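Me: I would like to learn how to read the features of a structure one at a time, beginning with the overall layout and ending with single residues. Could you take me through them with the case at hand?

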Amino acid sequence: MYYVKIFVSTKDPIMYSDQCKGQNRNIKLSLLYNFITASSDFSVTNINDKFLCSGHSYLFCDQDFGLIEKAKKYHPNVYVPSDWERVIFSAQNKNPFQVILMEKELFFSTKRLEANIRRKILKSKQKVELLRLSYSLSTQIMTKVPLMS
């Protein structure tokens with residue numbers, strides 16, 4: 001939430017996700033996108049989440065994570081967040097990463113949002129698979145219902 005509020009100036013950002021269903025196609029992310037687009041606290045009115053093909057693509061941050069892992073080799077004693085700050089800052093010499101120290105109040109819990117929804121199960125007890133999600137002021141969510149066996 002902090003990042004979106006401070007650094008996102010466009011009304012229609014594009015989010016890129018890998019195909020890890022446990023991380024990116026879950027109800028928490030869906031609720032968060034919906035909250036951001038419906039809230040007047042943000043300039044965002046529509047979020048387009050693009051899922052990359054498994055095994056055939058990578059996100060730009062993957063290279064950054066590689067640089068950080070490489071820098072970690074030169075810092076054997078990393079135990080607390082301030083140690084990680086030093087590692088991340090040293091990972092790139094020409095254009096060092098910007099490190100934002102996260103305080104407790106900068107985190108956002110979706111617990112209150114989750115309390116207001118029904119889980120993704122139909123009255124017929126079939127699970128609903130999230131296929132394509134579209135978040136805008138209309139709060140439209142598209143789903144794919146499994147075929148009956």
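Reply: What follows goes from the whole chain to its cores, its largest pocket and a few residues, and it should be read with the knowledge that this is a predicted model.

Me: How many helices and strands are there in the chain, and in what order do the elements run from the N terminus on?
Reply: A reading begins with the inventory and then turns to the order. The chain has 6 helices and 5 strands, and its elements, taken from the N terminus on, follow the pattern α-β-α-α-β-α-α-α-β-β-β.

Me: Which figures describe burial and the sequence range of contacts in the chain?
Reply: One figure concerns accessibility and the other concerns separation along the sequence. Of the 149 residues, 24% count as buried; among contacts between residues at least 6 apart in sequence, 56% join residues that are at least 24 apart.

Me: Which residues make up the largest nonpolar core?
Reply: The general idea is that, in soluble globular proteins, nonpolar side chains tend to be buried together. Here the largest nonpolar core consists of 8 residues, namely Val4, Val8, Leu29, Tyr33, Ile36, Phe42, Val44 and Ile47. Helix H3, which spans residues 27-38, gives the largest share of this core, with 3 residues. There is also a second, separate core of 6 residues, including Ile68, Ala71, Val87 and Phe97.

Me: Is isoleucine 36 buried or exposed, and which residues does it touch beyond those up to four places away in sequence?
Reply: Isoleucine 36 is found in helix H3, and it counts as buried because its relative accessible area is 4%, where the cut-off for buried is under 20%. Not counting residues up to four places away in sequence, isoleucine 36 touches Met1, Val4, Phe42, Val44 and Ile47. A C-alpha separation can be read beside such a list: the C-alpha atoms of isoleucine 36 and asparagine 46, which are 10 residues apart along the chain, are separated by 8.9 Å.

Me: What changes when I turn to leucine 32, and why is it classed as partly exposed?
Reply: Leucine 32 also has its place in helix H3, but its relative accessible area is 21%, and it is therefore partly exposed, since that class lies between the 20% and 50% cut-offs. Not counting residues up to four places away in sequence, leucine 32 touches Met1 and Phe108. The C-alpha atoms of leucine 32 and threonine 110 are separated by 7.0 Å, although these residues are 78 apart along the chain.

Me: How should I read the largest pocket, and which residues lie nearest its centre?
Reply: Volume, lining and composition can be taken in turn. About 1,400 Å³ of space lies in the largest pocket, and its lining has 31 residues, of which Tyr3, Val4, Met15, Cys61 and Phe65 lie nearest the centre. Helix H1 (2-7), strand S1 (14-17), H3 and H4 each supply at least two lining residues, with the largest share, 5 residues, coming from H4. By class, the lining divides into 29 nonpolar, 1 polar and 1 charged.

Me: Where does histidine 75 lie, and which backbone oxygen does its side chain reach?
Reply: For a residue in a loop, the flanking elements give the place and the contacts give the surroundings. Histidine 75 lies in the loop between helix H4 (60-72) and helix H5 (81-90), and its side chain reaches the backbone oxygen of alanine 71 at 3.1 Å. Histidine 75 counts as buried because its relative accessibility is 17%. Leaving aside neighbours within four places in sequence, histidine 75 is in contact with Arg86, Val87 and Ser90.

Methods: Residues numbered from 1 in each chain as written. Predicted model: local features only at pLDDT ≥ 70, side-chain atom pairs only at ≥ 80, totals over all residues. Heavy atoms only, no water. Helix = DSSP H or I, 4+ residues; strand = E, 2+ residues; numbered from the N terminus. Buried < 20%, exposed > 50% of the residue type's maximum accessible area, 1.4 Å probe, protein only. Polar contact = N/O pair within 3.5 Å; in protein donor to acceptor, adjacent residues only side chain to side chain. Contact = heavy atoms within 4.5 Å. Core = buried A, V, L, I, M, F, W, Y, C linked by side-chain atoms within 4.5 Å. 1 Å grid on protein atoms, 1.4 Å probe; cavity = no way out; pocket = protein on both sides within 12 Å on 5 of 7 lines; lining within 4 Å. Points joined across faces, edges and corners; volume = space filled by probe spheres on them. Nonpolar A, V, L, I, M, F, W, Y, C, P; charged D, E, K, R; others polar.
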